[in-house]
Amino acid sequence: MAKILITGGAGYIGSHVLNLLGSEQSHEIIVVDNLSTGKKESLLYGRHEEFDICEVEKLSALMLVENFDACFHFAGSIIVPESVEKPLEYYENNTKNTYELIRLCVKHKIKNFIFSSTAAVYGDLEGGECFEDGPTVPINPYGRTKLMTEWMLEDVSRACGDDFNFIALRYFNVAGANVEGKIGQSSPNSTHLLKIACETACGKRDEMSVFGSDYETRDGSCVRDYIHIDDLAAAHIDGLKYLLKGGKSEIMNCGYGHGFTVKEVIASLKKVTSIDFKVVEGPRRAGDAAVLKSKADKIKSILGWTPKYDDLELIAKTAYDWEKSLK
Ligand SMILES: NC(=O)c1ccc[n+]([C@@H]2O[C@H](COP(=O)([O-])OP(=O)(O)OC[C@H]3O[C@@H](n4cnc5c(N)ncnc54)[C@H](O)[C@@H]3O)[C@@H](O)[C@H]2O)c1
């Protein structure tokens, strides 16, 4: 039985990983989450320690007592436009706090680390297909904070040898809710397309916007690689198993490797809900690439990850059912 630390386990992604890991009943799990955006109700397994990971002494004391085998690190700030307005807050929560967390993991001999990275590290790539070995030129502070963490992890792993290995998963567009309806996305002020579309379908918003209809794509709107949250969660469990068996540090894309346009996602939600909610076409947003898709071979070959929910209508339906269930 491994002992696992999860930071940010009450959030959207952390809670789905916690659900999957907890249901295996083969690990002891402790979640550290300050509930700044996460919800206590999303914590279906494990013990919860409610504090901010910037409280380094508390974190260090917990690690000293618990002797963790691995750490999943989800705690972070994730809203791109906010990172442009308040860059120092993002460098503080995503870079400084993560630096302290990695430092403490090394100090307390927590040898396995799984990190939430993002496709935002790629920036606006020509052609839109993202390879792990290709250029990383993030175009906003959020993406830069994540790339800086990848660099820290690579350097620390190189210096520590087998005493510290990590998996960094570069998530593409995470969407949907747990297929059994147990949990979903509750984070406030989300900028995720499907979340906003579901809020509109549920009447929580009067209308929603499509930002740009003149891109060189099949219908003029941006193309993104949408991945179901339970498949993303499963990739983390695969990553944990790989590391616990002695696997070496790797950075991997986590997406399906194909994309849908913004208009296709909206049409799919309208189809599964039979609700014709109001959509307005607005101008392009600064910094939006026309196409972003993952090259997804590496994660499949190294972790043996086998996605089960690569189905846009299923993604849309689970997201909507969850949204409807929220008060
Ligand atoms: N959601 C996405 O589409 C997406 C895409 C790429 C990467 N990521 C990354 O995945 C991670 C999780 O994202 P999410 O969508 O679940 O976000 P979320 O906001 O739902 O979850 C973040 C969790 O971390 C907690 N938290 C934040 N700062 C903390 C701190 N200093 N101390 C303790 N707890 C803290 C919050 O309370 C929350 O429960 C983030 O690091 C994010 O950058 C998310």
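Let's start at the ligand, where an N or O atom in the side chain of Asn 34 sits 3.1 Å from a ligand nitrogen atom. Keep in mind as you look around that this is a predicted model. Another nitrogen contact comes from Asp 52, with a polar side-chain atom 2.9 Å from a nitrogen atom of the ligand. His 192 addresses an oxygen atom of the ligand instead, through a polar side-chain atom at 2.8 Å. On its own the ligand would expose 820 Å², and the protein buries 96% of that.

Now widen the view to the shell around the ligand. Helix 1 (12-23), helix 4 (87-107), strand 5 (112-118) and helix 5 (141-160) are the elements that each give two or more residues to this shell. Strand 5 contributes the most, with three residues. In all, 29 residues surround the ligand, and those that come nearest are Asp 33, Thr 37, Tyr 142, Lys 146 and His 192. By character, the shell holds 12 nonpolar, 14 polar and three charged residues.

Step back once more, and the domains come into view. The domain assignment places residues 2-174 and 226-254 in domain 1, while domain 2 takes in 176-225 and 257-325. Their centres, taken over C-alpha atoms, are 23 Å apart. Where the two domains meet, 41 residues of domain 1 are in contact with 39 residues of domain 2. About 3,600 Å² is buried between them, with carbon and sulfur atoms giving 63% of this area. On the domain 1 side, look for Tyr 12, Tyr 226 and His 228: they supply 23% of the area that domain 1 buries against domain 2, more than any other three residues.

Technical notes. Residues numbered from 1 in each chain as written. Predicted model: local features only at pLDDT ≥ 70, side-chain atom pairs only at ≥ 80, totals over all residues. Heavy atoms only, no water. Near = heavy atom within 4 Å. Polar contact = N/O pair within 3.5 Å; in protein donor to acceptor, adjacent residues only side chain to side chain. Areas by Shrake-Rupley, 256 points an atom, 1.4 Å probe, with all protein chains shown as cover. Helix = DSSP H or I, 4+ residues; strand = E, 2+ residues; numbered from the N terminus. Nonpolar A, V, L, I, M, F, W, Y, C, P; charged D, E, K, R; others polar. Domains from an automatic or database assignment. Contact = heavy atoms within 4.5 Å. Buried area = accessible area lost by both parts, 1.4 Å probe.
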